[in-house]
Every structure is written in structure tokens, then in C-alpha cells.
Amino acid sequence: MFNNVEAYPGDPILSLLEGFLVDSREQKTNLSIGLYYDDQGQIPILESVQQAKTLLQANPAPHTYLPMEGVAAYRDAVQRLVFGADAPQVTDGQIATVQTVGGSGAIHLAARFIKQYLPDSAVWMSDPTWDNHRTLLESAGLAVNTYPYLNAAGNGVDFDAMLSTLQTLPLHSVVLLQPSCHNPTGCDLTPEQFDEVIAIVEHRNLVPFIDMAYQGFGEGLNEDAGPIRKMLQKGLPMFVSNSFSKNFSLYGERVGGLSVVCDSKHVADNVVGQLKAIVRKIYSSPPAFGGQVVATILSTPQLRANWENEVAAMQARMVSMRHALRSALEAQVDYPADFLTRQSGMFSYTGLSATEVDYMREAHGVYLVRSGRICIAGLNSRNVEAVASSIADVISRRRRS
């Protein structure tokens, strides 16, 4: 019956992780998958998360189904963190928010909603962007196009080309943007550049779709949400997907959210209702425990303060690793590596080719995505010199060929 089923070639990033795990070499480094590791090379359990888990376990509750839209306390916490607690749209109930199965679930849920209520709108996303963006959007039946983003050198934003394309998009086109810590490049728009993008979005009646997976890992929790809050001040309708996988280190709990900014509470209530209808067709209700942990932390002042300090420490460690890799690389080879410290967040585009990435994996046990993207959070004080040496080797080989 199933003999015609084709083999799955595997996800390129997750397959790299599988290859890394079976690599028997002692000196190996995983810079592929987007996971935050501490300086000991471990995925941390945040102290604030552990404290919240203790509180929840001290008051056990039945493991019943959540509402389709998720827990009210969690949804309120998402709105306050993403949009700001004092935003009029938050206090007036103009934002429709549902708890989702991670950030990926939020993106697909939004895609299903867009397909139903904006059926003639195509989505435009940056070239490049996170690989799974296209899959999640197209699987809902949406047409997906790209706008230019990366410059010719491969380590910065080609802003003029980006603006030129955005200025030609059809009315009500959906524009997917990352407000900070751009995945996969690490190249972010400046606040002034975002102002220009927002002006075009407003003038041409485009629909912004903001995907924020790394809040706090760029410049800070409030700063990273700055573009969203500017659009809110302009009164723009928008979709916002967010994830707590990274900044709470809760990857397997699948904790995310989708928010839709509307122009009235009545419309927001209707949007929540239709999002619930879509949820019922896919997974019925979100998982409970991770959302309870997040809601507990964000609604408890002491836990929230602890969590904010932990996020700031993670952000600072990644910045220090950027400087360490740049210094080590420039000390070994004549190569301008200042792009490492200009870029932001968990990822950096190195400009290395797929062939060079393959060589680094085979010769040095350094695992990168074949686009040349490295996960900065995979660096630590013990492996950064070896990673720099492997990149220097590649650059030297390139110059000899």
C-alpha cells in the first residue's frame, strides 16, 4: 500500500546535528543548529525557570486540556512583553493573541489565517531568511516571494535594493520582517532604516508580519521589540509571531505566541475566534507546562527581574564570543572580520561557500550550515581558537587556489 512513499531527505540543519552527534572525534564543534549553549557547552536551565517550576510543582493541578487560544495569563504576558504594558492597544483589548505550539506554530497559524482572509495577498520575505519560513507559509497555500536583503559581500544589508522592491509591492502584500537578530545573517536594520521601511508599509498599505524569535538577544528586551512598538504607535495592523524557546531555554516545551493587531476590541475578539477555529482543525489546544512557566515568571516581579538578568547575561556572552572569534581570526590570517562584531544575535554569516563549509566539517570537525551561517552561541572559551584556526585554514586555501 505504501510502496510509492518517497524517502524524506531530511532537514538540512537537523541532519547536521545528527551527523555531529555520531562524529567520534573528541575535537568537534557544533555551530549549526540555533540553540543557546553556555560557556561549558551546555544548554542551560535558567534559574528563573527552575524557580517557576518549583512554584508550580508545589501547587499541582490536573493535566487537563487548555483552551484553544491558550491560558489567559500567558496571553496577557505575551502582549505586555512584546508590545509594552502601557500600549493603548494592549489596555483597550485591540490585540488578538493566542498561545501557539512554538514560533513555528505561530507562523503557520498566521499563514492559514492570511490564506482565509487575505486570499489575494502574497508574502514577501527577505533573501535569505530562516529556511523554514517558506515551508511554513507555502504549506498553508500562500504564494511566497523574496525581497533583496544581503549585500554582495554577504555580511551586511543591501538596504537600497530592499527599499526599491518594497516600493513596488502590490496593495495588501504581506511583508515578513525580523525586528532583530536576523536569522540567518545576523544583519539587522538600524532604527533609522526601520523608520523608512515603516513609512513605505504605511504609505503602500502593506501588511507587516513580524517574526521575533530572539527577543533580548540583540540589544535588549525593549530595544529588540522597538520596530513592533513603532508600528503600533502608527496604528498599523500587523501579525506578530514570537517564541520563548531561546530566551527562556524552553526548546522542547514549544512555547510561542501569535498576535494580530486590530483597530478595535470587537474585531480582535472576532480574530481570536477565527484563530481558535483554525487551531481546532490542527492541534485543538497548545501544550500546558511551558506556558505556565513563562506566565509565572513574567507575572512575578522577582522572577521576572531574575529572568531579565539571565537574558542580559546570555546576550553579553554572545557579544563576547563575537569579539573573541574576530580577534582570534584576525591574529591568524590577514582577513577583515569586523562583520562579526557588526552583526547581532545568535547567528553570523561568514561568507564561506558550501564547499568550504564541507571542508571545515571533514577536516576540522567544525559543523556549519552550508550557507556559511554559524551559531555564535555554540562558541565558548575552549573552542573559539580552534574555530578561528579552521576558518583561517579555509581562507588560506582559498587564496592559494
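Biologist: I am starting in the middle of the sheet, so in β8, which residue is the bridge partner of Val 240?

Modeller: In β8, the bridge partner of Val 240 is Ser 259. The model is predicted, so local features need pLDDT of at least 70 and side-chain atom pairs count only at pLDDT 80 or more, while totals for chains, interfaces and linings use all residues. Residues are numbered from 1 along each chain as its sequence is written, and side-chain values use heavy atoms, with hydrogens and water left out.

Biologist: How should I read the pairing of whole strands, and in which sense do β7 and β8 pair, parallel or antiparallel?

Modeller: Strands (E, at least two residues) and helices (H or I, at least four) are DSSP runs numbered from the N terminus, and two strands pair if DSSP finds at least two bridges between them. Here β7 and β8 pair in the antiparallel sense over 6 bridges, whereas strand β6 (residues 207-212) runs parallel to β7 and is joined to it by 4 bridges. Val 240 in β7 also stands opposite Ile 210.

Biologist: What does β8 do with its other neighbour, β2, and how many bridges join them?

Modeller: Strand β2 (residues 95-101) is joined by 7 bridges to β8 (residues 255-261), and the two run antiparallel. Along this pair Thr 97 stands opposite Ser 259, and Ala 96 stands opposite Val 260.

Biologist: What is the strand order of the sheet, and is the sheet open or closed?

Modeller: The sheet is open and has 7 strands, in the order β2-β8-β7-β6-β5-β3-β4, with mixed pairing. Its edge strands are β2 and β4 (144-148), each of which pairs on one side only. From one strand to the next the twist averages 25 degrees, where angles run from 0 to 180 degrees between N-to-C directions and axes are lines fitted to C-alpha atoms, for helices over the stretch in contact.

Biologist: How do I judge whether these strands are covered, and how many residues of β7 are buried?

Modeller: A residue is called buried under 20% relative accessible area, exposed over 50% and partly exposed in between, using a 1.4 Å probe and protein chains only. In β7, 6 of the 6 residues are buried, so this strand is largely enclosed by the rest of the structure. Met 238, Val 240 and Asn 242 point one way from β7, while Phe 239, Ser 241 and Ser 243 point the other way, and all are buried. Strand β2 is mostly covered too, with 6 of its 7 residues buried, and helix α11 (residues 265-282) lies across β2 and β8, running at about 20 degrees to β2.

Biologist: How is the packing of two helices described, and at what angle do α2 and α12 cross?

Modeller: Two packed helices are described by the angle between their axes and the distance between the axes. The axes of α2 (residues 47-58) and α12 (residues 289-299) come within 9 Å and cross at roughly 105 degrees. That makes α2 roughly perpendicular to α12, since under 35 degrees counts as roughly parallel, over 145 as roughly antiparallel, 65 to 115 as roughly perpendicular and the rest as oblique. The contact (heavy atoms within 4.5 Å) involves, among others, Val 49 and Leu 56 in α2 and Phe 289 and Ile 297 in α12. Its residues divide into 7 nonpolar, 3 polar and 1 charged, where Ala, Val, Leu, Ile, Met, Phe, Trp, Tyr, Cys and Pro count as nonpolar, Asp, Glu, Lys and Arg as charged, and the others, Gly among them, as polar.

Biologist: Which peptide bonds are cis, and where is Pro 128 found?

Modeller: One cis bond joins Asp 127 and Pro 128, with omega about 10 degrees, and Pro 128 is found in the loop between β3 (123-127) and α6 (131-138). Another joins Asn 183 and Pro 184, with omega about 25 degrees, and Pro 184 lies in the loop between β5 (174-177) and α8 (191-203).

Biologist: What is notable about phi of Cys 181, and why does this residue form no disulfide?

Modeller: Cys 181, found in the loop between β5 and α8, has phi near 55 degrees, a positive value in a residue other than glycine. A disulfide is a pair of cysteine sulfur atoms within 2.5 Å, and the closest cysteine sulfur, in Cys 375, is 11 Å from that of Cys 181, so it is too far for a bond. A search of the whole structure finds 0 disulfides.
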